[in-house]
Amino acid sequence: MKSLTINASQRESVGKKATKALRNAGQVPCVIYGGDTIVHFAAPEIAFKNLVYTPDVHTVVIALDNGQKINAILQDIQFHPVTDKILHIDFVEIFDDKPITMEIPFKTTGNSRGVRSGGVLRFNLRRIKVKGLASKLPDVIEGDITELKIGNKLYVTDVASEDYTILHPDNTVICQVKTSRNAVADTDDEEEEEAAAAEA
């Protein structure tokens, strides 16, 4: 999984007045949980652009001004209800030997038979919630839809991996090919029907 580095300043004062002053200066107050101690820090809002405003997922290296570097993932983010400015971000520290839970983007590969016949590919999930070691989690989970005919579905079990555990029920549908007004019968289905009629 890709990693981003954010240069930040550790903050000692965490009161409302100090937090407001940080935001007025274009800084975002942040917290890191999960380690031996809770770490409060701040960084310029622009530093989070490639972390927040992207469909991709990343781990983060928080490089503090005291020389300390902390590996973490974004846990929660608060935006201003009117301006959409980032108000606060929570991070969770990650470790090499402890699994983490993340939502990984899903991407299809191949060209569905059902779509070629005029069907429409509908998504139930755009991200898949998984648990595993950060070093083994992929940037994206791919699923081959080449053999999906109209009416067929791709389930989370179809993209299972030894590298992570999928945290959805086995019958959860990722995507499916639905019929449309422009749909035509699948060629193979027609041939099978013709063969069956000939045998009869």
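**Asp 84**

I started at Asp 84 in this predicted model and looked up how open the residue is. At 49% relative accessibility, Asp 84 counts as partly exposed, because exposed would need over 50%. I then checked where Asp 84 sits: its place is the loop between strand 5 (69–79) and strand 6 (86–93). The backbone caught my eye too, as phi of Asp 84 is near 65°, a positive value in a residue other than glycine. Most residues other than glycine have a negative phi, which made this one worth a note.

**The whole protein**

Next I stepped back to the full chain. I counted up the secondary structure and got four helices and 13 strands. How does the radius of gyration compare with the globule rule? I found 23 Å, well over the 16 Å that the rule gives for 200 residues, so the protein is more spread out than a compact globule. The C-alpha trace spans about 85 × 40 × 25 Å along its principal axes.

I also looked at burial, and 34% of the 200 residues count as buried. The accessible surface comes to about 12100 Å², with 46% of it belonging to carbon and sulfur atoms. For charge, I noted 23 positive and 29 negative side chains, and the centres of the two sets lie 12 Å apart. Contacts were my last stop here: among those between residues at least 6 apart in sequence, 66% join residues at least 24 apart.

**Strand 1 and its partners**

I moved on to strand 1 (residues 3–10), which runs parallel to strand 4 (residues 59–64) and is joined to it by six bridges. Within that pairing I found Thr 5 standing opposite Val 61 of strand 4. Strand 1 also meets strand 3 (residues 39–44), this time antiparallel and through two bridges. There I noted Phe 41 of strand 3 as the bridge partner of Gln 10.

I picked Leu 4 for a closer look, since I wanted a residue that lies in strand 1. Which residues does Leu 4 touch, leaving aside its neighbours within four places in sequence? I listed Asn 50, Leu 51, His 58, Thr 59, Val 60 and Val 61. I also followed Leu 4 to Asn 71, which is 67 residues apart from it along the chain, and found their C-alpha atoms separated by 9.7 Å.

**The four-stranded sheet**

Then I traced an open sheet of four strands, with the order 10-7-9-12 and mixed pairing. Its edge strands are strand 10 (141–144) and strand 12 (165–166), each pairing on one side only. Inside the sheet, strand 7 (residues 100–109) and strand 9 (residues 127–132) pair in the antiparallel sense over six bridges. I marked Thr 101, which stands opposite Lys 131 in strand 9.

**Ile 128**

I closed the session on Ile 128, which has its place in strand 9. Is Ile 128 buried or exposed? I found it buried, with a relative accessible area of 0%. Leaving aside its neighbours within four places in sequence, Ile 128 is in contact with Met 102, Glu 103, Ile 104, Phe 106, Ile 141, Val 159, Ile 166, His 168 and Ile 174. I added one distance: Ile 128 and Val 156 are 28 residues apart in sequence and 8.1 Å apart in space, C-alpha to C-alpha.

Conventions: Residues numbered from 1 in each chain as written. Predicted model: local features only at pLDDT ≥ 70, side-chain atom pairs only at ≥ 80, totals over all residues. Heavy atoms only, no water. Pairing = 2+ DSSP bridges. Buried < 20%, exposed > 50% of the residue type's maximum accessible area, 1.4 Å probe, protein only. Rg over C-alpha atoms; globule rule 2.2 N^0.38 Å. Contact = heavy atoms within 4.5 Å. Areas by Shrake-Rupley, 256 points an atom, 1.4 Å probe, with all protein chains shown as cover. Lys, Arg positive; Asp, Glu negative; His and termini not counted. Charge placed at Lys NZ, Arg CZ, Asp CG, Glu CD.
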